[in-house]
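This report describes a single protein chain by its fold elements, its charged pairs and its surface. Please consult the sequence and the three-dimensional view while reading.

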Amino acid sequence: MEFELRPGDVATIVGRPGAACARMEDVAADADAIANELVSRLGPRLPRIYRS
């Protein structure tokens, strides 16, 4: 899947950007990794928004 993003665009990596929901396990499977590995690679400068 390919996306065109520009500075200032919101990019949802995991969660619900709209009607779809990307689970961390699914993203990890696509990257041939495990979920914890991907989370640990998200640098501290990346803003995070947590919602329950």
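The sections below treat the overall composition, the salt bridges, the pocket and patch, and some individual residues.

## Basis and overall composition

The structure is a predicted model. Its protein chain holds 2 helices and 0 strands. Helix α1 covers residues 24–30, and helix α2 covers residues 35–41.

The chain has 52 residues, and buried residues make up 10% of them. The accessible surface of the protein chain amounts to about 5200 Å². Carbon and sulfur atoms account for 53% of that surface.

## Salt bridge in helix α2

Side chains of opposite charge can pair when their charged atoms come close. In this model, the count comes to 3 salt bridges.

One of the salt bridges links R41 with E37, and their closest N and O atoms are 2.8 Å apart. Both residues belong to helix α2, and because they are 4 residues apart there, about one helical turn separates them. The two partners fall into separate accessibility classes. R41 has a relative accessible area of 62% and is therefore exposed, whereas E37, with 29%, is partly exposed.

## Network around R23

Elsewhere, salt bridges with shared partners join R23, E25 and D26 into one network. Within this network, the side chain of R23 meets that of E25 with an N to O distance of 3.8 Å. The side chain of R23 also forms a salt bridge with D26, with an N to O distance of 3.3 Å.

The members of the network can also be described by their accessibility. R23 has 44% relative accessibility and so counts as partly exposed. E25 is likewise partly exposed, at 46%, and D26 is partly exposed at 37%.

## Largest pocket

Rolling a probe the size of a water molecule over the atoms shows where empty space is left. In this model, the largest pocket has a volume of about 820 Å³. Its lining comprises 17 residues, and those closest to the pocket centre are T12, I13, V14, R48 and I49. By class, the lining contains 11 nonpolar, 2 polar and 4 charged residues.

## Nonpolar surface patch

Two of the residues named for the pocket, I13 and V14, also take part in a nonpolar patch on the surface, together with L42 and L46. The four side chains of this patch offer about 290 Å² of accessible area together. I13 is located in the segment before α1.

## Contacts of the first helix and the segment before it

A22 is another residue of the segment before α1. A22 is partly exposed because its relative accessible area is 29%. Its C-alpha atom is separated by 8.7 Å from that of T12, and the two residues are 10 residues apart along the chain. T12 is itself among the residues closest to the centre of the largest pocket.

M24 lies in helix α1. At 16% relative accessibility, M24 counts as buried, since the cut-off for this class is under 20%. The C-alpha atoms of M24 and N36 are separated by 8.8 Å, although the two residues are 12 residues apart along the chain.

## Backbone of D32

Which residue other than glycine has a positive phi value near 55 degrees? That residue is D32. Most residues other than glycine have a negative phi, and most peptide bonds are trans.

D32 is found in the loop between α1 and α2. With a relative accessibility of 73%, D32 counts as exposed, because it lies over the 50% cut-off.

Terms used. Residues numbered from 1 in each chain as written. Predicted model: local features only at pLDDT ≥ 70, side-chain atom pairs only at ≥ 80, totals over all residues. Heavy atoms only, no water. Buried < 20%, exposed > 50% of the residue type's maximum accessible area, 1.4 Å probe, protein only. 1 Å grid on protein atoms, 1.4 Å probe; cavity = no way out; pocket = protein on both sides within 12 Å on 5 of 7 lines; lining within 4 Å. Points joined across faces, edges and corners; volume = space filled by probe spheres on them. Nonpolar A, V, L, I, M, F, W, Y, C, P; charged D, E, K, R; others polar. Areas by Shrake-Rupley, 256 points an atom, 1.4 Å probe, with all protein chains shown as cover. Patch = residues over 30% accessible without salt bridge, like charges linked within 9 Å, V, L, I, M, F, W, Y side chains within 5 Å.
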